[in-house]
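User: Please take a close look at a single part of this model and describe what surrounds it, then add one example of helix packing.

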Amino acid sequence: MNIPMLLQHSHRRFLKGLLRTPFRRYHFIFHSSTHLGSGIPCARPFNSLGLHCTKWMLLSNGLKRKLCVQTTLKEHTEELSDKEQRFVDKLYTGLIQGHRACLAEAITLIESTHKRKKELAQVLLQKVLVYHREQEQINKGKPLAFRVGLSGPPGAGKSTFIEYFGKMLTERGHKLSVLAVDPSSCTSGGSLLGDKTRMTELSRDMNAYIRPSPTSGTLGGVTRTTNEAILLCEGGGYDIILIETVGVGQSEFAVADMVDMFVLLLPPAGGDELQGIKRGIIEMADLVAITKSDGDLVVPARRIQAEYVSALKLLRKRSEVWRPKVIRISARSGEGITEMWDKMREFQDLMLASGELMAKRQRQQKVWMWNLIQESVLEHFRTHPTVQEQIPVLEEKVLSGALSPGLAADVLLKTFKSRG
């Protein structure tokens with residue numbers, strides 16, 4: 001898999017710092033974006049970390065370089081035992097053949113925090129990604145699936161809506177995957193994973209797959225491995241992926257960086273238009289649906305719809321071809337659900353035709369990469385012997401008042417830089 005690490009860099013210190021991090025099984029290629037540079041082979045391989053500089057190309061101005069990181073599937077698989085190789089091959093074969101059990105086991109593998117299982121998960125993801133790109137080429141470069149993020153405050157009716165909406169889609173011949181995210185307890189660390197119990201009819205549908213997952217401390221309303229789970233579901237042949245976030249407030253919109261369309265579900269009496277503008281999540285919404293628009297709540301739902309239409313007019317336009325819409329729906333009576341799907345298909349067609357959808361996915365790939373980089377760097381920092389040695393001493397000084405938390409953090413970083 002070629003992962004463009006789009007870094008504009010003009011300092012040698014970055015490379016020196018990179019060599020001190022425990023990244024293995026990578027080839028580093030420095031190359032020019034033009035054909036003006038002359039190539040000079042790198043004479044010294046980075047044997048200590050298993051890194052090899054295969055080509056160095058100088059730009060005409062000698063300042064800007066692009067760092068492109070390439071991982072090879074062959075080097076990953078060479079380190080697997082026969083048993084591990086058979087396990088990965090079994091999951092991969094079953095996944096692309098549409099076996100739900102293999103999909104479930106594959107998602108469990110990528111969610112694991114065990115070091116060796118995380119390495120097996122990367123091998124599996126590599127194979128699925130290659131297959132995914134081959135299928136996209138067969139599909140003339142068009143996306144294989146429509147990714148939709150569903151978010152909203154607790155009690156907005158997200159699970160009830162998905163039950164009705166999902167049944168409608170499967171009846172129309174679609175294969176639907178629902179990735180439902182549940183919050184984890186900050187005290188016990190456990191999670192109820194109860195969204196699936198609210199979707200009794202949909203969970204029995206053979207054309208639907210529902211996977212509840214805990215946040216495990218991840219902020220933003222999603223899990224640490226939501227991106228990977230989306231890729232596996234698409235590899236399993238599901239053409240519509242719904243990601244239901246935890247009940248969110250004003251700023252939890254990380255799912256918007258993972259999906260093609262971000263849908264915000266709001267209950268009636270959710271506040272006036274000023275409250276709507278305050279919510280940063282409103283700015284990210286491509287479609288706002290006022291739920292529970294039935295019975296005595298029809299009048300409040302209409303009022304909220306009008307207020308949010310006014311609120312959206314004050315926000316900056318994010319697309320050249322689409323303006324966010326506000327609609328009313330009822331999962332109990334079915335009112336507005338068909339019209340909502342029509343709006344979603346209209347959004348998909350317009351964004352695909354304009355090229356904005358593919359550009360959006362490319363931006364999301366970079367966000368995904370940087371999230372993984374931050375996670376890896378932070379984990380490396382926390383587990384570094386120097387850091388582990390200094391933390392108890394600094395914590396004691398902070399508790400005694402000898403150092404402020406900010407100064408203690410500076411001391412720790414300087415110590416890490418000098419010894420790392």
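**The second largest pocket**

Analyst: With 6 residues, α13 gives the most to the lining of the second largest pocket. This is a predicted model, in which local features need pLDDT of at least 70 and side-chain atom pairs pLDDT 80 or more, while totals for linings use all residues. Residues are numbered from 1 along each chain, and side-chain values use heavy atoms, without hydrogens or water.

At least two lining residues come from each of α10 (280-284), α12 (337-354) and α13 (356-383) (helices are DSSP runs of H or I, at least four residues). The pocket is lined by 25 residues, among which M284, D286, R318, K360 and R363 lie nearest its centre (a pocket is an open set of 1 Å grid points where a 1.4 Å probe fits, with protein on both sides within 12 Å along at least five of seven lines, and lining means an atom within 4 Å of a point). Its space is about 460 Å³, and by class its lining holds 13 nonpolar, 2 polar and 10 charged residues (Asp, Glu, Lys and Arg count as charged, Gly as polar).

As for helix packing, the axes of α4 (residues 100-111) and α5 (residues 115-138) come within 8 Å and cross at roughly 130 degrees, which makes α4 oblique to α5 (oblique covers angles outside under 35, 65 to 115 and over 145 degrees). A106, L109 and I110 of α4 make the contact with K117, L120, A121, L124 and L125 of α5 (heavy atoms within 4.5 Å), and this contact has 7 nonpolar, no polar and 1 charged residues.

Definitions and conventions:
Grid points are joined across faces, edges and corners, and a volume is the space filled by probe spheres set on the points. Axes are lines fitted to C-alpha atoms, for helices over the stretch in contact, and angles run from 0 to 180 degrees between N-to-C directions.
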